[in-house]
Amino acid sequence: MQVSSLNEVKIYSLSCGKSLPEWLSDRKKRALQKKNVDVRRRIELIQDFEMPTVCTTIKVSKDGQYILATGTYKPRVRCYDTYQLSLKFERCLDSEVVTFETLSDDYSKIVFLHNDRYIEFHSQSGFYYKTRIPKFGRDFSYHYPSCDLYFVGASSEVYRLNLEQGRYLNPLQTDAAENNVCDINSVHGLFATGTVEGRVECWDPRTRSRVGLLDCALSSVTADSEINSLPTISALKFNGALTMAVGTSTGQGKIFTSLEPEHDINDVCLYPNSGMLLTANETPKMGIYYIPVLGPAPRWCSFLDNLTEELEENPESTVYDDYKFVTKKDLENLGLTHLIGSPFLRAYMHGFFMDIRLYHKVKLMVNPFAYEEYRKDKIRQKIEETRAQRVQLKKLPKVNKELALKLIEEEEEKQKSTWKKKVKSLPNILTDDRFKVMFENPDFQVDEESEEFRLLNPLVSKISEKRKKKLRLLEQQELHEKEEEEEPEGKPSDAESSESSDDEKAWVEEVRKQRRLLQQEEKVKRQERLKEDQQTVLKPQFYEIKAGEEFRSFKDSATKQKLMNKTLEDRLKLEAKNGTLSVSDTTVGSKQLTFTLKRSEQQKKQQEAEKLHRQERKTLRRSAGHLKSRHGRGRPFH
């Protein structure tokens with residue numbers, strides 16, 4: 001869609017762009033829309049809104065549902081339905097149409113004025129009647145109260161045709177040599193005609209006499225205006241009861257805005273109560289323009305209001321795609337000031353429009369290294385964009401420095417892979433607030449020397465040492481896989497399963513190796529502790545017995561003291577030998593401890609006394625039952 005502006009009035013051209021031929025299939029049309037940008041950007045409000053060669057006149061029905069247009073070649077009339085946005089019917093005529101008018105609200109009654117002096121009447125079904133006027137006609141109007149048609153043309157007379165009686169009436173005699181246009185006021189029925197002398201004559205149809213004369217030619221010419229010929233009346237239209245608009249052939253009057261299409265305009269029609277303008281041009285395609293200042297969009301294309309509002313929010317710097325707007329300073333830099341006034345430059349506002357191809361050629365001649373500079377700028381912008389995507393850290397965190405460095409390297413490798421494969425990148429842990437404490441709190445420090453870490457992650461140390469080498473090998477493998485097929489010949493389908501089993505075996509061997517290393521380290525630690533115990537010299541120590549405790553022997557206190565001096569590991573092993581503790585490894589690599597509480601001497605004596613007491617009670621119950629069965633159930637026992 002093309003946008004132009006004059007006097008701060010924006011005009012949206014809805015018919016710009018290339019039109020596709022009717023004989024093309026839908027598949028080819030879709031292919032053209034994908035390839036050609038102009039075809040894809042065009043807006044087609046009404047399907048096939050065009051003529052075979054030239055469009056001469058265009059009008060809208062009174063109800064606003066139908067748009068009728070006439071053109072050549074061959075002479076024809078086409079009716080478009082705005083509710084269906086397509087062609088409703090087409091009728092061919094005998095000669096070209098000068099102008100036409102719809103007498104009804106729809107297309108059921110139409111009158112055509114031909115260039116061979118014939119007047120043709122059409123009904124809803126088609127052709128109805130044809131008659132002829134004495135002189136060549138240029139325009140006509142219909143007076144609804146009296147059912148009279150007023151024809152003006154290459155004559156001083158205004159011909160009247162009464163449709164109720166079906167005959168011509170006495171004509172109106174004007175003072176002009178010829179009349180160009182005419183119109184009838186719909187409020188009070190005043191008839192006005194524009195002459196070639198630049199005058200407007202007003203007549204009352206009831207008295208058939210002239211009631212007014214307006215000389216527009218003399219009033220429009222001022223001292224500042226320059227004219228080559230006498231202005232003639234070329235357009236005439238009533239607006240309400242007291243307002244009339246007059247147009248002259250020399251363009252006299254105040255300009256609101258202007259249209260400059262590529263081809264000449266034959267007729268203009270304003271869609272009722274809207275800002276849409278329809279034009280009949282010297283080209284097969286009919287023009288559709290939307291001017292929001294004049295009014296809103298019609299009801300059948302109300303989406304134009306939203307579309308134009310979006311375009312106003314994002315204005316474009318250029319008006320034409322194939323032209324470059326340059327100022328006078330730009331022309332001086334390019335050395336093209338001598339082209340001012342020539343067809344190569346077209347004056348527009350504070351500058352000029354020139355062909356974009358000419359602009360590129362001249363700029364390349366003036367600055368031959370412009371493309372290299374443009375290429376370097378693009379490369380620099382690409383590098384800056386990639387830098388912005390990286391993880392930017394001024395320094396490593398205090399906690400888990402090695403883990404942070406590893407995450408940074410992995411993020412860089414991910415970015416490289418996403419640039420090549422165009423895969424969406426996942427969020428980074430370093431920039432995530434949920435994991436922020438892991439790099440600040442010392443309690444989250446990873447102890448890589450612990451037994452659990454070494455057993456659970458046997459390959460971490462090797463990966464951290466040989467990370468860069470493996471990444472290089474992976475890149476080479478990826479390039480090699482791209483060149484080869486997806487599955488090379490000769491490789492069985494279960495090769496992946498065998499490779500995965502080999503990986504599992506290597507992992508198990510690595511875990512066993514780590515366990516052997518841990519056992520060797522434990523043996524070395526025990527030997528060092530034994531050496532330290534042998535080197536220590538024992539000295540006599542004195543102990544004080546607390547009140548309430550009973551002294552049994554020095555042996556018990558000595559054994560207790562030895563147990564207290566030993567480490568937790570040695571005590572656990574001693575208890576394991578005595579059967580009070582059992583240690584077992586789980587599948588995950590952790591330890592499981594089971595304790596059996598050891599009874600003291602006092603608890604043993606108490607349990608033995610309780611056992612003897614239970615046995616005595618059992619014997620008493622047995623003896624009592626024996627005596628009762630001996631003496632009988634009913635007799636008392638003494």
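A residue is called buried when its relative accessible area is under 20%, exposed when that area is over 50%, and partly exposed in between. By this criterion C269 is buried, because its relative accessible area is 11%. The structure described here is a predicted model. The points below cover a four-stranded sheet, aromatic pairs, charges over rings, cysteines and unusual backbone geometry.

**The sheet of β15 to β18**

- Four strands, in the order β15-β16-β17-β18, make up an open sheet with antiparallel pairing.
- At its edges lie β15 (179–184) and β18 (209–215), each of which pairs on one side only.
- On average, neighbouring strands of this sheet are turned by 20 degrees against each other, direction ignored.
- Five bridges join β15 to β16 (residues 191–195) in the antiparallel sense.
- Within this part of the sheet, I184 stands opposite F191, a residue of β16.

**Aromatic pairs**

- Across the whole structure, a search finds 10 aromatic pairs.
- One of them joins Y66 and Y107: the ring centres are 4.9 Å apart and the planes meet at 80 degrees, so the arrangement is edge-to-face, a class that requires an angle over 60 degrees.
- This pair connects distant parts of the chain, 41 residues apart, with Y66 in strand β4 (residues 66–72) and Y107 in the loop between β7 (97–102) and β8 (110–114).
- Y66 is buried because its relative accessible area is 9%, and Y107 likewise counts as buried at 9% relative accessibility.
- A further pair is formed by Y271 and W300, whose ring centres are 6.1 Å apart and whose planes are at 65 degrees, so this pair is also edge-to-face.
- Y271 lies in the loop between β21 (265–270) and β22 (276–281), while W300 lies in the loop between β23 (287–290) and α4 (303–313); the pair thus links distant parts of the chain, 29 residues apart.
- Y271 is buried, with a relative accessible area of 8%, and W300 counts as buried at 15%.
- Ring pairs also link Y66, F89 and Y107 into a cluster.

**Charges over rings**

- The charged end of R117 sits over the ring of F136, at 5.7 Å from the ring centre.
- The charged end of K130 is placed over the ring of Y118, 5.0 Å from its centre.

**Cysteines**

- The structure contains zero disulfides.
- C55 is buried, since its relative accessible area is 0%.

**Unusual backbone geometry**

- Most residues other than glycine have a negative phi, and most peptide bonds are trans.
- The peptide bond from T72 to Y73 is cis, with omega near -10 degrees.
- The bond that follows, from Y73 to K74, is cis as well, with omega near 5 degrees.
- Y73 is located in the loop between β4 and β5 (76–81), and K74 is found in the loop between β4 and β5.
- R117 is not a glycine, yet it has a positive phi of about 75 degrees.
- This residue, R117, lies in the loop between β8 and β9 (118–122), and it is partly exposed because its relative accessible area is 21%.
- R208, another residue other than glycine, has a positive phi near 55 degrees.
- R208 belongs to the loop between β17 (199–204) and β18, and it counts as partly exposed at 49% relative accessibility.

Terms used: Residues are numbered from 1 along each chain as its sequence is written. This is a predicted model: local features need pLDDT of at least 70, side-chain atom pairs count only at pLDDT 80 or more; totals for chains, interfaces and linings use all residues. Side-chain values use heavy atoms; hydrogens and water are left out. Two strands pair if DSSP finds at least two bridges between them. Helices (H or I, at least four residues) and strands (E, at least two) are DSSP runs, numbered from the N terminus. Axes are lines fitted to C-alpha atoms, for helices over the stretch in contact, and angles run from 0 to 180 degrees between N-to-C directions. Rings of Phe, Tyr and Trp (its six-membered ring) pair if their centres lie within 6.5 Å; planes under 30 degrees apart count as stacked, over 60 as edge-to-face and the rest as tilted. Buried means under 20% relative accessible area, exposed over 50%, partly exposed in between (1.4 Å probe, protein chains only). A charge sits over a ring if NZ of Lys or CZ of Arg is within 6 Å of the ring centre and within 35 degrees of the ring normal. A disulfide is a pair of cysteine sulfur atoms within 2.5 Å.
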